[in-house]
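Hi,

Here is the structure I promised to pass along. Have a look at it first, and then read on for what turned up in it.

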Amino acid sequence: MLFNGLKYHLRTFGCQMNQHDSERIAGMLEEQGAMLAASIEQADIVVYVTCCVRQAADMRLLGQVASLKGLPTPTGGKRLIAVGGCLAQRDGEKLVEQLPHIDIVFGTHNIAMLPELIKSALDTSQPQVSTLSDVQADEMVPATSLPARRENKWHAWLPIMTGCNNFCSYCIVPYVRGRERSRPFEEILREVEMLLADGVVEITLLGQNVNSYGRDLYGQPRFAEILKAVGESGVDRLRFVTSHPKDLSVETIAAFAQTKAVMPHLQLPVQSGSDNILAAMNRLYTADDYRGLVHLVRQASMDAGKGGKTYLGSVAFSTDIIVGFPGETESDFQATCDLVEEIGFSQVFSFIYSRREGTPAASLVDENTPEQIQERYQRLVKIVQKSAWEQNQLELGIPTPVLFEGISKRDQTMLTGRSPKNTTVHAKLPPDRSISDYIGKIHPVRIDTAKTWYLSGDLLD
Ligand code: SAH
Ligand code: SF4
Ligand code: F3S
């Protein structure tokens with residue numbers, strides 16, 4: 001073992017792909033004898049897994065790393081700082097020039113090399129910088145086949161593919177995560193079996209665009225087959241992120257609607273409700289295409305009885321929206337607001353456009369002022385809140401199976417979990433029961449209160 005007794009701390013930014021990578025990093029370090037430290041102060045090595053999708057993410061990371069300078073370890077020794085993830089992949093050597101107290105920089109394609117890099121940094125006291133190009137990545141052990149230390153016993157992230165071929169004009173992800181690479185079907189199913197044997201009740205399939213799974217493995221099963229196979233494996237709950245609307249096939253919609261374990265929630269990023277902006281974003285669908293998909297999913301789900309209810313809201317839709325893409329006019333923005341009102345999203349992740357050097361949109365000029373964009377963003381937030389509140393009202397009085405995840409920070413007797421539609425649900429812990437009767441398990445709750453961001457009610461068992 002390389003690191004007997006060494007204490008590590010992990011800080012993860014960005015999307016679920018990074019959360020998953022962090023679980024593999026933790027698994028790998030622990031396999032080499034390292035132990036999780038309760039805080040950064042107690043750690044001999046701090047690993048940052050970074051994101052660079054928007055500028056705010058860059059700044060947070062740099063600020064946090066800068067504040068570690070000179071902070072002593074409990075034993076008085078030197079603390080190693082390792083920076084990985086998407087920002088590290090993008091900036092490589094430049095990161096050490098900016099912050100010379102960084103000891104290790106590793107990219108998104110060579111996570112498996114981290115133990116060696118730590119060893120070299122410890123042995124030589126020299127900064128170790130190693131990122132690989134997308135082409136070199138084919139030679140590496142992918143992060144997906146490393147051991148994982150899962151955050152929760154009952155939930156697992158399961159990457160089915162990595163990378164992205166879409167090149168939306170604003171997005172840095174294809175440059176830092178490389179081309180699409182699908183994991184072999186059998187490997188995914190083997191991992192599912194292992195996870196089930198380990199007590200996992202909920203699996204989230206991961207990929208930048210899960211809908212294009214298998215396109216690079218000619219003759220292999222596609223995403224619809226994965227949904228069916230994993231959905232019928234015995235797992236209680238199956239979720240997946242993210243789906244690109246242009247690749248959501250009728251087969252996938254049918255598998256989504258008909259496979260019982262697949263939860264009635266679809267995260268389907270629309271980005272804008274204006275066809276001009278969608279074209280400039282290189283999204284390759286129109287707002288009406290999007291409306292058509294939502295309709296198809298609702299219809300197929302209703303036919304299959306998904307969600308167990310008969311009204312049209314039986315599938316929850318969530319989405320991502322970018323406000324202030326270069327050239328966005330007031331009427332483009334209004335089209336986005338109209339679409340949000342019309343669809344009735346349960347959740348919207350809205351982002352102010354952030355210029356990313358090296359992407360095609362970075363060269364576009366924008367005449368909107370930051371104040372105008374901010375004002376639009378606030379207007380959208382209000383519409384989103386109204387829409388989320390309205391969607392939650394539809395849940396009142398309905399017995400809802402909740403997978404409990406923990407207790408409320410403010411009230412130790414309040415359990416919190418998630419409904420099938422991925423809404424937070426609170427329920428009072430019965431006085432004669434203990435928390436462990438519920439955490440990681442599914443119990444029904446009758447919903448009697450519906451707020452904007454959560455539901456609550458009484459446990460039915
Ligand atoms: N692959 C996923 C998510 C990628 S990043 C997908 O396509 O859905 C998550 C979200 O960040 C995107 O959906 C988009 O809304 C937002 N995003 C990406 N690049 C951005 C940028 N340059 N500025 C603002 N938001 C951005
Ligand atoms: Fe970025 Fe578009 Fe790929 Fe999503 S689909 S990761 S937004 S390029
Ligand atoms: Fe960020 Fe990389 Fe995910 S840029 S959003 S962590 S793929």
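Before the cavities, one term: a cavity here is a set of grid points where a 1.4 Å probe fits but cannot get out, and its volume is the space filled by probe spheres set on those points. Please also keep in mind that this is a predicted model.

**Cavities**

With a threshold of 30 Å³ or more, the count is two cavities. The largest cavity holds about 80 Å³ of space. It is lined by 10 residues, and those closest to its centre are Ala316, Ser346, Gln391, Glu395 and Lys421. Sorted by class, that lining has three nonpolar, five polar and two charged residues.

The second largest cavity has about 30 Å³ of space. Around it you will find Asn18, Asp21, Ile25, Val49, Gly85, Phe106, Thr108, Ile111 and Arg177. Which helix gives the most to this lining? That is helix α1 (residues 16-31), with three residues. The class split for the second largest cavity is four nonpolar, three polar and two charged.

**Ligand 3**

Next, the surroundings of ligand 3. The residues there are Cys15, Asn18, Cys51, Cys52, Val53, Cys86, Arg177 and Gln208. By class, this shell counts five nonpolar, two polar and one charged. Asn18 and Arg177 appear in this shell, and Asn18 and Arg177 are also named in the lining of the second largest cavity, so keep an eye on both when you click through.

**Salt bridges**

Side chains of opposite charge can pair when their charged atoms come close. A search of the whole structure turns up 28 salt bridges, and three of them are described below.

Let's start with Lys153 and Asp198, whose closest N and O atoms are 4.0 Å apart. Lys153 sits in the loop between β6 (128-130) and β7 (155-159), and Asp198 in the loop between α7 (185-197) and β10 (202-206), so this pair ties together parts that are 45 residues apart in sequence. Is Lys153 buried or exposed? Lys153 counts as exposed because its relative accessibility is 55%, and the cut-off for exposed is over 50%. Its partner Asp198, at 36%, counts as partly exposed.

Arg291 and Glu342 make another salt bridge, with the closest N and O atoms 2.9 Å apart. Here the pair links distant parts of the chain: Arg291 belongs to helix α11 (residues 287-304) and Glu342 to helix α12 (residues 330-343), 51 residues apart. Both count as partly exposed, Arg291 at 24% relative accessibility and Glu342 at 48%.

Then there is Arg376 with Glu328, where the side chains meet at 3.0 Å, N to O. Arg376 is in helix α13 (residues 370-393) and Glu328 in the loop between β13 (316-323) and α12, so the salt bridge ties together parts that are 48 residues apart in sequence. What about their accessibility? Arg376 is buried, with a relative accessible area of 5%. Glu328 counts as buried too, because its relative accessibility is 3% and buried means under 20%.

That pair also belongs to a wider set: Glu328, Glu330, Glu375, Arg376 and Arg379 are linked in a network of salt bridges.

Cheers

Methods: Residues are numbered from 1 along each chain as its sequence is written. Chains are lettered from A and ligands numbered from 1 in the order in which they are written. This is a predicted model: local features need pLDDT of at least 70, side-chain atom pairs count only at pLDDT 80 or more; totals for chains, interfaces and linings use all residues. Side-chain values use heavy atoms; hydrogens and water are left out. On a 1 Å grid over the protein atoms alone, a cavity is a set of points where a 1.4 Å probe fits but cannot get out, and a pocket is an open set with protein on both sides within 12 Å along at least five of seven lines; lining residues have an atom within 4 Å of a point. Helices (H or I, at least four residues) and strands (E, at least two) are DSSP runs, numbered from the N terminus. A residue is near a molecule or strand if one of its heavy atoms lies within 4 Å of it. Buried means under 20% relative accessible area, exposed over 50%, partly exposed in between (1.4 Å probe, protein chains only).
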